[in-house]
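Grab your viewer and work through these exercises at your own pace. Each one sets a task and then walks through a solution.

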Amino acid sequence: MSRIRRLAASGVIGVFLAFALLWCWVHLAANNPLPGLLLRSGFGADGTWLALTASDFLMNIIMCLPAAWALNSLGKDLRLNTLVSVVAFAASSSFLVGLPLHEMSLRIGIQYSLLLASLPVAVWVFSRFRRRRA
């Protein structure tokens, strides 16, 4: 596969990931018992936000593993392919959700940064697992 095709495939993976995560998070937000449990536990606002942010980051990494597999399957230039995929993901998710960057609070900025970091972390985890298995 040529380099242009790999980069285009990486972009398609990023766009598809934006749609898939949006679909998954709608269902997870509606059925997730964790926020209610945290609020009843007496953590407080900051502790609840921190626990939810950490659990959301972990869930994003898990949901990005199929995209990490697809990026690893493309072969060469894994870092460049991941970068293209993250840029396509950021552009399409901000288009889908309508996230204006100039109106972000610090907490939303942290959560959005962790969302964007979830794909590179998933690629790193998948490539580590793949190397140990081989």
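## Exercise 1: the surroundings of Leu 71

Task: which residues does Leu 71 touch, once residues up to four places away in sequence are set aside?

Solution. Keep in mind that this is a predicted model.

- Step 1. Select Leu 71 and drop the residues up to four places away; what remains in touch is Ser 10, Ile 13, Leu 78, Asn 81, Thr 82, Ser 85, Leu 119 and Val 123.
- Step 2. Pick Ser 10 from that list and place it: Ser 10 belongs to helix α1.
- Step 3. Run the same search from Ser 10, again skipping residues up to four places away, and you get Leu 71, Leu 74, Asn 81, Val 84 and Ser 85.
- Step 4. Check accessibility: Ser 10 has 0% relative accessibility, so it counts as buried.

## Exercise 2: the nonpolar core

Task: in the largest nonpolar core, which residues touch the most other members, and which helix gives the most?

Solution.

- Step 1. The largest nonpolar core has 18 residues, and those touching the most other members are Ile 13, Leu 17, Leu 21, Cys 64, Leu 71 and Leu 119.
- Step 2. Sort by helix: α1 (3-31), α3 (45-73), α4 (78-97) and α5 (106-133) each bring at least two residues to this core.
- Step 3. The top contributor is α3, with seven residues.
- Step 4. For background, nonpolar side chains in soluble globular proteins tend to be buried together.

## Exercise 3: Cys 64 and Ser 118

Task: is Cys 64 buried or exposed, and what does Ser 118 touch beyond its neighbours within four places in sequence?

Solution.

- Step 1. Find Cys 64 in helix α3. Its relative accessibility is 1%, so Cys 64 counts as buried.
- Step 2. Leave out neighbours within four places, and Cys 64 is in contact with Leu 17, Leu 21, Ser 118, Leu 119 and Ala 122.
- Step 3. Hop over to Ser 118, which sits in helix α5. With 0% relative accessibility, Ser 118 counts as buried.
- Step 4. With its neighbours within four places left out, Ser 118 contacts Phe 57, Asn 60, Ile 61 and Cys 64.
- Step 5. For a backbone distance, take Cys 64 and Pro 120: they are 56 residues apart along the chain, and their C-alpha atoms are separated by 8.9 Å.

## Exercise 4: two helix pairs

Task: how do α1 and α3 pack, and at what angle do the axes of α2 and α3 cross?

Solution. You'll want two numbers per pair: packed helices are described by the angle between their axes and the distance between the axes.

- Step 1. For α1 and α3, the angle is about 145° and the axes are 10 Å apart. The crossing is right-handed.
- Step 2. List the residues that meet: Ser 10, Ile 13, Leu 17, Leu 21, Cys 24, Trp 25 and Leu 28 from α1, against Asp 56, Met 59, Asn 60, Met 63, Cys 64, Ala 67, Ala 70 and Leu 71 from α3.
- Step 3. Class by class, that contact holds 12 nonpolar residues, two polar and one charged.
- Step 4. Now α2 (residues 34-41) and α3: their axes come within 10 Å and cross at roughly 155°. An angle over 145 degrees counts as roughly antiparallel, so α2 and α3 are roughly antiparallel to each other.
- Step 5. This crossing of α2 and α3 is right-handed. Leu 34, Pro 35, Leu 38 and Leu 39 of α2 meet Thr 48, Ala 51, Leu 52 and Ser 55 of α3. By class, the contact of α2 with α3 has six nonpolar residues, two polar and no charged ones.

## Exercise 5: a backbone angle, then the whole chain

Task: where is Asp 77 placed, and how many helices and strands does the protein chain have?

Solution.

- Step 1. Look in the loop between α3 and α4 for Asp 77. Its phi is positive, about 55°, although Asp 77 is not a glycine.
- Step 2. The relative accessible area of Asp 77 is 34%, so it is partly exposed.
- Step 3. Zoom out: the protein chain has five helices and zero strands.
- Step 4. Of its 134 residues, 31% count as buried. The C-alpha trace spans about 55 × 40 × 25 Å along its principal axes.
- Step 5. Of the contacts in the protein chain with a separation of 6 or more, 83% come from residues 24 or more positions apart.

Conventions: Residues are numbered from 1 along each chain as its sequence is written. This is a predicted model: local features need pLDDT of at least 70, side-chain atom pairs count only at pLDDT 80 or more; totals for chains, interfaces and linings use all residues. Side-chain values use heavy atoms; hydrogens and water are left out. A nonpolar core is a set of buried Ala, Val, Leu, Ile, Met, Phe, Trp, Tyr and Cys residues joined through side-chain atoms within 4.5 Å. Buried means under 20% relative accessible area, exposed over 50%, partly exposed in between (1.4 Å probe, protein chains only). Helices (H or I, at least four residues) and strands (E, at least two) are DSSP runs, numbered from the N terminus. Contact means heavy atoms within 4.5 Å. Axes are lines fitted to C-alpha atoms, for helices over the stretch in contact, and angles run from 0 to 180 degrees between N-to-C directions. Angles under 35 degrees count as roughly parallel, over 145 as roughly antiparallel, 65 to 115 as roughly perpendicular and the rest as oblique. A crossing is left-handed if the near helix is turned anticlockwise from the far one by less than a right angle, and right-handed if clockwise. Ala, Val, Leu, Ile, Met, Phe, Trp, Tyr, Cys and Pro count as nonpolar, Asp, Glu, Lys and Arg as charged, and the others, Gly among them, as polar.
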